[in-house]
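Here are some exercises to work through with the model open beside you. Try each task on your own before reading its solution.

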Amino acid sequence: MTGDSAQSCRTRYVLFDVDGTLIDAVENQRRVWRAWAERYGLDPDEVYRVALRTRPTETFAQVAAGHDPHECLAALHELEDEDVRSGAYAAFDGAAEVLRGLPSHCWALVTSNYEHRVRGRFLRTGLPVPGLIVDAAAVEEGKPSPVPYLRAAARLGAEPGDCLVVEDAPSGVRSGLRAGMTVWGVNAAAAVEGVHRHFASLREAVPHILAFASGA
């Protein structure tokens, strides 16, 4: 067997971010953070601006330093869980097609959210639920650390070089790059620094993702 033939026979894996990549949750996140900010008498716009670029505990440290961070996190989790139960969610165009087009053992979700919320959102939007979700509770270091994507690859039995990361956010892109994986960006007008390919929408990326997974 030639080198090219061996390469084409290798299993390829696709690792997806969730919010902003497969599910459009921007308005949900904005509503949750607004409700959280109002509960603590804070400026919702300022809180959301900080929350967009930091993890929750870092957000609390910046905007609510005088409050117990554990209490702040419990309040945020309560609001997020309620939003999963009652909020309106929409999958990005192409999400169902690409997930159903991939072999079930060759893809996973890597998210900074929690697995029960992701599963709830997938059920609400009709997306196929994967066998593997690496969530915030599964790792000690979140994105942009490479740990989440490396953990997903290890649990799939995959080498990093055989993995494609599909992301929309800079922290997720950095995470995938640091893990030594191919990283494509979607759902943004401009390419995130470092991505190997950029697509303005997930729909535009679908045939290319399926081709990657097939070894083409």
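**Exercise 1. Strand pairing around β7**

Task: In this predicted model, find in which sense β6 and strand β7 pair, and over how many bridges.

Solution:
- Step 1. Locate strand β7 at residues 182-185 and look at its pairing with β6: the two run in the parallel sense, and four bridges connect them.
- Step 2. Check the register with one pair: Leu164 has Thr182 of β7 opposite.
- Step 3. Trace the connection. From β6 the chain passes through α9 to reach β7, a β-α-β crossover that is right-handed.
- Step 4. Now turn to strand β8 (residues 197-198), which runs parallel to β7 and is joined to it by two bridges. Here Gly185 has His198 in β8 as its bridge partner.

**Exercise 2. The two sides of α8**

Task: Work out which residues of helix α8 are buried, and what they pack against.

Solution:
- Step 1. Go through residues 147-156 and pick out the buried ones: Pro148, Tyr149, Ala152, Ala153 and Leu156.
- Step 2. Ask how these are placed around the axis. Their arc spans only 135°, so they lie on the same side of α8.
- Step 3. Recall the general rule for spacing: with 3.6 residues a turn in an α-helix, residues three or four places apart point the same way.
- Step 4. Inspect the other side of α8, where Ala154 and Arg155 are exposed.
- Step 5. List the packing partners of the buried residues of α8: the strands β1 (13-16), β4 (107-110), β5 (133-134) and β6 (163-167), together with α9 (170-178).
- Step 6. Finish just past the helix: Gly157 follows α8, and its phi is positive, near 75°.

**Exercise 3. Nonpolar cores**

Task: Find how many residues the largest nonpolar core has, and which of them have the most contacts inside it.

Solution:
- Step 1. The count for the largest nonpolar core is 29 residues, and the ones with the most contacts inside it are Val14, Phe16, Leu22, Leu109, Phe122 and Ile209.
- Step 2. Assign the core to elements. Those giving two or more residues are β1, α6 (95-100), β4, α7, β6 and α10 (202-214).
- Step 3. Look for the main contributor: α10 supplies the largest share of this core, six residues.
- Step 4. Take Leu109 as a probe. Setting aside neighbours within four places in sequence, the contacts of Leu109 include Phe16, Val18, Leu22, Val118 and Phe122. Also on that list are Pro130, Leu132, Ile133 and Val134.
- Step 5. Apart from the largest core there is another, with 21 residues, including Leu15, Leu156, Ala179 and Val192.

**Exercise 4. Salt bridges**

Task: The structure holds 13 salt bridges. Compare how the partners are placed in the pairs Arg34 with Glu38, Arg119 with Glu115, and Asp81 with Arg117.

Solution:
- Step 1. Start from the general principle that side chains of opposite charge can pair when their charged atoms come close.
- Step 2. Arg34 and Glu38 form a salt bridge whose closest N and O atoms are 3.9 Å apart. Because these residues are four apart in helix α2 (residues 26-39), about one helical turn separates them. Arg34 is partly exposed at 36% relative accessibility, while Glu38 is exposed at 51%.
- Step 3. In the bridge between Arg119 and Glu115, the closest N and O atoms are 2.8 Å apart. These two are also four residues apart, in helix α7, and thus separated by about one helical turn. Arg119 is partly exposed at 27% relative accessibility, and Glu115 is partly exposed at 27%.
- Step 4. One network arises from salt bridges that share partners: Asp17, Lys143 and Glu167 are joined in it.
- Step 5. The side chains of Asp81 and Arg117 form a salt bridge at 2.7 Å, N to O. This pair links distant parts of the chain, with Asp81 in helix α5 (residues 69-86) and Arg117 in helix α7, 36 residues apart.

**Exercise 5. The setting of Arg117**

Task: Is Arg117 buried or exposed, and which residues is Arg117 in contact with beyond its sequence neighbours?

Solution:
- Step 1. Place Arg117 in helix α7, which covers residues 115-125.
- Step 2. Apply the cut-off: buried means under 20% relative accessible area. At 2%, Arg117 is buried.
- Step 3. Leave aside neighbours within four places in sequence, and the contacts of Arg117 are His77, Glu80, Asp81 and Val84.
- Step 4. Return to the salt-bridge partner: Asp81 is partly exposed, with a relative accessible area of 21%, whereas Arg117 is buried.

Note on methods: Residues are numbered from 1 along each chain as its sequence is written. This is a predicted model: local features need pLDDT of at least 70, side-chain atom pairs count only at pLDDT 80 or more; totals for chains, interfaces and linings use all residues. Side-chain values use heavy atoms; hydrogens and water are left out. Buried means under 20% relative accessible area, exposed over 50%, partly exposed in between (1.4 Å probe, protein chains only). The arc is that of the directions from the helix axis to the C-beta atoms. Contact means heavy atoms within 4.5 Å. A nonpolar core is a set of buried Ala, Val, Leu, Ile, Met, Phe, Trp, Tyr and Cys residues joined through side-chain atoms within 4.5 Å. A salt bridge is a side-chain nitrogen of Lys or Arg within 4 Å of a carboxyl oxygen of Asp or Glu. Two strands pair if DSSP finds at least two bridges between them. A crossover is right-handed if, with the strands pointing away from the viewer, the path from the first strand over the helix to the second runs clockwise.
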